[in-house]
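Let us work through a protein fold together, one question at a time. Keep the picture open as you read.

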Amino acid sequence: MRTHDRKTSGTWRRLAGTAVAAALATGAIAGLGTAAQAEEPPPTPKIIGGTPADQVYPFMASLQYERNGNPDSHRCGGGLIDKEWVVTAAHCVTEAGTNGAPYTVMDPALFHVRIGSLDRTAGGSVAKLKGIVVNPGYQYLDDRSEGKDIALLHLDAAVPQAPVRRATSIPATGTPVRQIGWGYTSTDADDPSQLPVKLQQLDTKVIAPTTEKCRVDANGDDSWGIRANDICTDNPEGVRGPCNGDSGSPLLSKANGRWVLTGLDSRGVGDVCGETPDIYTSVGHYHGWIDGVIH
């Protein structure tokens with residue numbers, strides 16, 4: 001399989017910072033700590049076969065950190081849901097747990113976000129993090145996903161961009177959706193310097209969770225398949241979809257002419273970007289949990 005934060009031809013979970021993130025209290029808000037450079041490759045999903053964004057998405061966020069001398073290396077996407085909160089994938093901000101813990105929250109001081117720009121290197125607003133809250137049901141696993149891949153980033157100051165509306169339910173099969181992100185645009189790319197600078201987008205639809213290609217890969221392995229409260233999105237023509245660098249990026253639907261945040265990019269069912277459906281964490285299902293944290 002591939003996650004949108006792992007290389008398409010390597011170990012699934014090579015998240016940044018395994019040697020540098022401080023061990024922090026599981027399930028709680030991680031406090032500020034000493035910033036350090038993350039040395040592992042970042043979580044990197046991309047959109048294969050998409051097109052440059054045709055409009056500004058003021059809520060779109062790029063989660064960034066220092067890597068190989070670049071202080072603004074893109075790690076994951078996210079969505080602004082409140083003036084001081086961004087939602088993203090849990091695997092973007094966690095590492096393996098210790099002493100039986102399901103995960104370890106990375107140090108918020110490692111990260112910052114750029115919000116509201118089509119260009120991940122300029123424009124919009126930039127904010128640091130003062131806390132990270134991971135869904136307590138999430139597990140950091142190297143050999144499979146059990147879902148619940150969602151986390152909240154608490155910004156150190158309010159930003160002027162308008163937050164996106166959140167879904168309150170899981171979208172029905174057949175719902176038209178839009179994927180956006182700064183992930184790789186070629187299956188040959190495997191270095192963060194090859195990530196697109198301009199935001200990409202791709203239109204597709206939700207497919208039934210019982211669909212075989214949502215559940216298992218070509219070998220019948222369900223390690224990265226859909227779980228309860230996930231969303232499965234189709235891969236148009238069997239060659240298009242998110243990829244490394246797109247983790248945490250929004251899945252959008254429209255209601256009354258306005259964008260609604262429906263899901264967060266979590267992983268692909270198979271090994272090659274675009275050749276299998278993608279799995280998104282349902283924002284609607286976690287609506288109550290989100291409200292309980294940010295309000």
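The questions below go from the whole chain to single residues of this predicted model.

Student: How many helices and strands does the protein chain have?
Tutor: The model is predicted, so we read its secondary structure from the computed atoms. The chain has 295 residues. Its secondary structure comes to two helices and 19 strands.

Student: What share of the residues counts as buried?
Tutor: Begin with the surface. The protein chain exposes about 10800 Å², and carbon and sulfur atoms supply 48% of that area. A residue is buried when its relative accessible area is under 20%. Of the 295 residues, the buried share is 56%.

Student: What share of the contacts joins residues 24 or more positions apart?
Tutor: Take the contacts in the protein chain with a separation of 6 or more. Among these, residues 24 or more positions apart account for 75%.

Student: Which strands form the closed barrel?
Tutor: Strands of a sheet pair through backbone hydrogen bonds, either parallel or antiparallel. In this barrel the pairing is antiparallel, and there are six strands. The twist from one strand to the next averages 45°. The order of the barrel is β4-β5-β6-β11-β10-β9.

Student: How many bridges join β4 to β5?
Tutor: Strand β4 covers residues 60-67, and strand β5 covers residues 70-82. The two run antiparallel. Across this pairing, Tyr65 stands opposite Ser73. The number of bridges is seven.

Student: Is Ser73 buried or exposed?
Tutor: Ser73 sits in strand β5. It touches Leu63, Gln64, Tyr65, Arg67 and Pro192, leaving aside residues up to four places away in sequence. Its relative accessibility is 4%, and the limit for a buried residue is under 20%. Therefore Ser73 counts as buried.

Student: At what angle to β11 does helix α2 run?
Tutor: Helix α2 spans residues 287-294. It lies across β5, β6, β10 and β11. Its angle to β11 is about 25°.

Student: Which strand pairs with β13 over six bridges?
Tutor: Strand β13 (residues 176-181) is mostly covered, with five of its six residues buried. Two bridges join β13 to β17, in the antiparallel sense. There the bridge partner of Arg178 is Leu252. On another strand Arg178 stands opposite Asp203, and the strand with six bridges to β13 is β14.

Student: What kind of pair do the rings of Tyr57 and Phe59 make?
Tutor: A pair of aromatic rings is described by the distance of the centres and the angle of the planes. The model has four aromatic pairs. For Tyr57 and Phe59 the centres are 6.0 Å apart and the planes stand at 70°. Planes over 60 degrees apart count as edge-to-face, so this pair is edge-to-face.

Student: How far apart in sequence are the parts that Tyr57 and Trp259 tie together?
Tutor: The rings of Tyr57 and Trp259 have centres 6.1 Å apart and planes at 50°, so this pair is tilted. Tyr57 lies in the loop between β3 and β4, whereas Trp259 is in strand β18. Both Tyr57 and Trp259 are buried. The parts they tie together are apart in sequence by 202 residues.

Student: Which residue lies over the face of Trp259?
Tutor: Ring pairs link Trp259 with Tyr57 and Phe59 into a cluster. The residue over the face of Trp259 is 4.7 Å from the ring centre. It is Lys254.

Student: Which ring does the charged end of Arg75 sit over?
Tutor: Look for the ring centre 5.3 Å from the charged end of Arg75. That ring belongs to a residue standing opposite Ser73. It is Tyr65.

Student: Is Asn99 buried or exposed?
Tutor: Asn99 is in the loop between β7 and β8. It has a positive phi of about 55°, although it is not a glycine. Its relative accessibility is 85%, and the limit for an exposed residue is over 50%. Therefore Asn99 counts as exposed.

Student: What is the relative accessible area of Lys148?
Tutor: Lys148 lies in the loop between β10 and β11. Its phi is near 55°, a positive value in a residue other than glycine. Lys148 counts as partly exposed, and its relative accessible area is 33%.

Student: How far is the C-alpha atom of Asp271 from that of Ala218?
Tutor: Asp271 lies in the loop between β18 and β19. It is partly exposed, at 43% relative accessibility. Asp271 and Ala218 are 53 residues apart along the chain. Their C-alpha atoms are separated by 9.5 Å.

Notes: Residues are numbered from 1 along each chain as its sequence is written. This is a predicted model: local features need pLDDT of at least 70, side-chain atom pairs count only at pLDDT 80 or more; totals for chains, interfaces and linings use all residues. Side-chain values use heavy atoms; hydrogens and water are left out. Helices (H or I, at least four residues) and strands (E, at least two) are DSSP runs, numbered from the N terminus. Buried means under 20% relative accessible area, exposed over 50%, partly exposed in between (1.4 Å probe, protein chains only). Contact means heavy atoms within 4.5 Å. Accessible areas come from the Shrake-Rupley method with a 1.4 Å probe; for residues, only the protein chains shown count as cover. Two strands pair if DSSP finds at least two bridges between them. Axes are lines fitted to C-alpha atoms, for helices over the stretch in contact, and angles run from 0 to 180 degrees between N-to-C directions. Rings of Phe, Tyr and Trp (its six-membered ring) pair if their centres lie within 6.5 Å; planes under 30 degrees apart count as stacked, over 60 as edge-to-face and the rest as tilted. A charge sits over a ring if NZ of Lys or CZ of Arg is within 6 Å of the ring centre and within 35 degrees of the ring normal.
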